[in-house]
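The following exercises concern side-chain interactions in a protein model. Please work through each task with the structure at hand before reading its solution.

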Amino acid sequence: MRVSKQWTDEGRTARKSVSGPRNVTSAREDRRLVRMAQTDRTAFSRQLAAQWSTAIGVSLCASSIRRRLLQRGLSARIPLTQNHRRLRLHWANVHRSWRADWQQVVFSDKSRFNLWHHDGRIRVRLYAGERRIPECIIERHSGRTPGVMVWGAIAYHG
């Protein structure tokens, strides 16, 4: 009935265009944003937004910058240090021939969520499947900030 009414009222059957905000940048400008992110892979989204507004004259918020880079395959990850790499390789070599009773194995992890301030971690923008390149390995020191540490575990039965 909707299609019939639309045909008689408007002379068409196609739906109207999708509503929502229009894209304020062109594909060319988006490619420029990707080049800016690749030039300084450790730049925060806020820093990229400031560089963007200076270079282009169009203001974008940090979340828009993150979304545009994610759409083009660049995601922000926390890089592994040389020590993390060494420890992971050691664990893998020790457990190479491990035959476990999976009903007796528990996997656990913890994450810290800061309440007010930045956590001091430096994220690096990488494409999916991209090898860890030397300029993306950063030694860092992080101080105390108010936050919550969350620990979780998963086992065979729950």
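**Exercise 1.** Determine whether Asp30 is buried or exposed.

*Solution.* The structure is a predicted model. Step 1: the relative accessible area of Asp30 is 3%. Step 2: a residue counts as buried under 20%. Asp30 is therefore buried, since 3% falls under that cut-off.

**Exercise 2.** Find the salt bridges of the structure and state which parts of the chain they link.

*Solution.* Step 1: a search of the whole structure yields 2 salt bridges.

Step 2: one of them pairs Arg68 with Asp30, with 3.2 Å between the closest N and O atoms. This distance meets the requirement of lying within 4 Å. Arg68 belongs to helix H4 (residues 62–71) and Asp30 to helix H2 (residues 27–39), so the bridge ties together parts 38 residues apart in sequence. Both partners, Arg68 and Asp30, are buried.

Step 3: a salt bridge also joins the side chains of Asp30 and Arg72, at 2.7 Å from N to O. Here Asp30 in helix H2 is linked to Arg72 in the loop between H4 and strand S1 (74–77), and the two residues are 42 apart in the chain. Arg72 has a relative accessible area of 33% and is thus partly exposed.

Step 4: through shared partners, the salt bridges unite Asp30, Arg68 and Arg72 in one network.

**Exercise 3.** Describe the largest nonpolar core and identify which helices supply at least two of its residues.

*Solution.* Step 1: the core has 12 residues in all, among them Leu33, Trp52, Ile65 and Leu69. Step 2: H2, helix H3 (45–56) and H4 each supply at least two of the core residues. Step 3: H2 provides the largest share, namely 4 residues.

Step 4: consider Leu33 in particular. When neighbours within four places in sequence are left aside, Leu33 is in contact with Trp52, Ile65, Arg68 and Leu69. Among these contacts, Arg68 is also the salt-bridge partner of Asp30.

**Exercise 4.** Classify the geometry of the aromatic pair formed by Trp91 and Trp98.

*Solution.* Step 1: a pair of aromatic rings is described by the distance of the centres and the angle of the planes. Step 2: the count for this structure is 1 aromatic pair. Step 3: the rings of Trp91 and Trp98 are 6.3 Å apart from centre to centre, with 85° between their planes. Step 4: planes over 60 degrees apart count as edge-to-face, and the pair of Trp91 and Trp98 is accordingly edge-to-face. Step 5: Trp98 has a relative accessibility of 40% and counts as partly exposed.

Conventions:
Residues numbered from 1 in each chain as written. Predicted model: local features only at pLDDT ≥ 70, side-chain atom pairs only at ≥ 80, totals over all residues. Heavy atoms only, no water. Buried < 20%, exposed > 50% of the residue type's maximum accessible area, 1.4 Å probe, protein only. Core = buried A, V, L, I, M, F, W, Y, C linked by side-chain atoms within 4.5 Å. Contact = heavy atoms within 4.5 Å. Phe/Tyr/Trp six-rings, centres within 6.5 Å; stacked < 30°, edge-to-face > 60°.
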